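Work through the exercises below with the sequence and the structure at hand, and try each task before you read its solution.

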Amino acid sequence: NISQGSIGDFKNASPLRELHIGANLGYHKTIADGIRLAVGVRLGYYAYNLNLTQLDVKDPTDPDFQNSNYSISAPMAGFGTLLYSEKFFIGFASPQMIFLNTADNNYTYNSKLHYYATGGYVFDLTDKFKSKVTTQIRMVEGAPIQADFNLHLIYLDNISVGSFVRTEGDIGLMISGDISPKWRLFYSWDSKIKPLNEYVRNSHEFGLKFQLPTKNWYREVLPRYF
């Protein structure tokens, strides 16, 4: 995984730039009939650069914008574990476990450990209908716990219609369906409902999934609910 971004759009430069490079490795093992355990590790590198001296300021003599370049780089490590079967999963992960607290000039960088807990289950309602319930809980030091709750109705293992709610004030709808044995189409809509979030409402996403053929067909489980 490689991601690069910048915050701020000024005349000469973006004052904050970041780069993340990481690799993930997972190992899966059958521990009981139809139940598998996966353990994964994440290793990588990240870098942040804050460069205020490149900005076009009104007062070049302002001491807050002189020699105000700050950069930090550090290794990145994380882990995750997942217990799953065809009808359920439960997992826990911490994608960045290296804690770093340092200061340079007038700026302080303090990394926070993030923890994620996930779970889901598929219930058989009738011969044609199933319901899928999933959740993700996010925890970080010094911030309130955030959680997503998702509910899907599945028809003939082919069409899924669902909705979600997020504790910080998001709601959404999701629709997906198979258009062939190897292709699946997705659509989702989400919006924030709190008054302070009026500028980031009504987001639409479309997706298309293709199932790659495999040599070992006995390992391919269809339909896949997760």
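**Exercise 1.** In this predicted model, decide whether G5 is buried, partly exposed or exposed, and find its surroundings.

*Solution.* Begin with the relative accessibility of G5, which is 26%. Because buried means under 20% and exposed means over 50%, with partly exposed in between, G5 counts as partly exposed. Next, locate G5 along the chain, where it belongs to strand 1, residues 2-7. Then, setting aside the neighbours within four places in sequence, you find G5 in contact with L16, R17 and E18. Finally, compare G5 with Y48: the two are 43 residues apart in sequence, while their C-alpha atoms lie 9.9 Å apart in space.

**Exercise 2.** Determine which residues make up the largest nonpolar core, and which strand gives the largest share of this core.

*Solution.* List the members, which are Y46, Y48, L50, L52, L55, Y70, I72, A74 and M76, 9 residues in all. Then assign them to elements: strand 3 (35-51) and strand 4 (69-84) are the ones that give two or more residues to this core. The largest share, 4 residues, comes from strand 4.

**Exercise 3.** Describe the nonpolar surface patch that includes I175, and state how exposed I175 is.

*Solution.* The patch covers about 1,000 Å², and its residues include Y121, F129, L151, I159 and I175. Strands 8, 9, 10 and 11 each give two or more residues to the patch, and strand 10 gives the most, with 3 residues. I175 itself sits in strand 12, residues 170-178, and is partly exposed, since its relative accessible area is 43%.

Methods:
Residues numbered from 1 in each chain as written. Predicted model: local features only at pLDDT ≥ 70, side-chain atom pairs only at ≥ 80, totals over all residues. Heavy atoms only, no water. Patch = residues over 30% accessible without salt bridge, like charges linked within 9 Å, V, L, I, M, F, W, Y side chains within 5 Å. Areas by Shrake-Rupley, 256 points an atom, 1.4 Å probe, with all protein chains shown as cover. Salt bridge = Lys/Arg side-chain N within 4 Å of Asp/Glu carboxyl O. Buried < 20%, exposed > 50% of the residue type's maximum accessible area, 1.4 Å probe, protein only. Core = buried A, V, L, I, M, F, W, Y, C linked by side-chain atoms within 4.5 Å. Contact = heavy atoms within 4.5 Å.
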